[in-house]
Amino acid sequence: VQLQASGGGLVQAGGSLRLSCAASGRTFSSYHMGWFRQAPGKEREFVAGITRGGGVYYADSVKGRFTTSRDNAKNTVALQMNSLKSEDTAVYYCAVSSGWSRIASLYDYWGQGTLVTVSS
């Protein structure tokens, strides 16, 4: 599976961005999808995820502000980010896993990352 993330950029605090992740491969619908982020000097952390069954999970820090969704027909997953804060600044990655988890090391394939910068 190859993943291509896009949609990052510079936005003011309080603004919104929508990230997209396009996946290759015919087995996309069988994977769980995760969004992770890594800020400078920090470890990669779980942001949001959507299971192959459509269940959604969020980190407490983004709950109520971020929404993830998937379109299995188009092999895409999206992360809508609203009410962005300066602490959301990071490189955001999409990833796929055959088993649901919030742990980055358990994900099998990763996109290249897209930078989100939130200015205060």
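Reader: What makes the pattern of this chain β-β-β-β-β-β-β-β-β-β-β?
Author: The chain has eleven strands and zero helices. Strands are DSSP runs of E with at least two residues, helices runs of H or I with at least four, numbered from the N terminus. Read along the sequence, that gives β-β-β-β-β-β-β-β-β-β-β. The model is predicted: local features need pLDDT of at least 70, side-chain atom pairs count only at pLDDT 80 or more, and totals for chains, interfaces and linings use all residues. Residues are numbered from 1 along each chain as its sequence is written, and side-chain values use heavy atoms, without hydrogens and water.

Reader: Why is the chain called as compact as a globular protein of its length?
Author: The globule rule is 2.2 Å times the number of residues to the power 0.38, and the radius of gyration is taken over C-alpha atoms. For 120 residues the rule gives 14 Å; the chain has 13 Å, which is close, so the chain is as compact as a globular protein of that length.

Reader: What makes one face of strand β1 covered and the other uncovered?
Author: Buried means under 20% relative accessible area, exposed over 50%, partly exposed in between (1.4 Å probe, protein chains only). In β1, residues 3–6, Leu3 and Ala5 form the covered face, Gln4 and Ser6 the uncovered one. Across the chain, 42% of the 120 residues are buried.

Reader: How do you know that β1 and β3 pair?
Author: Pairing needs at least two DSSP bridges between two strands. β1 and β3 (residues 17–23) have four, in the antiparallel sense. Ser6 stands opposite Ser20 in β3.
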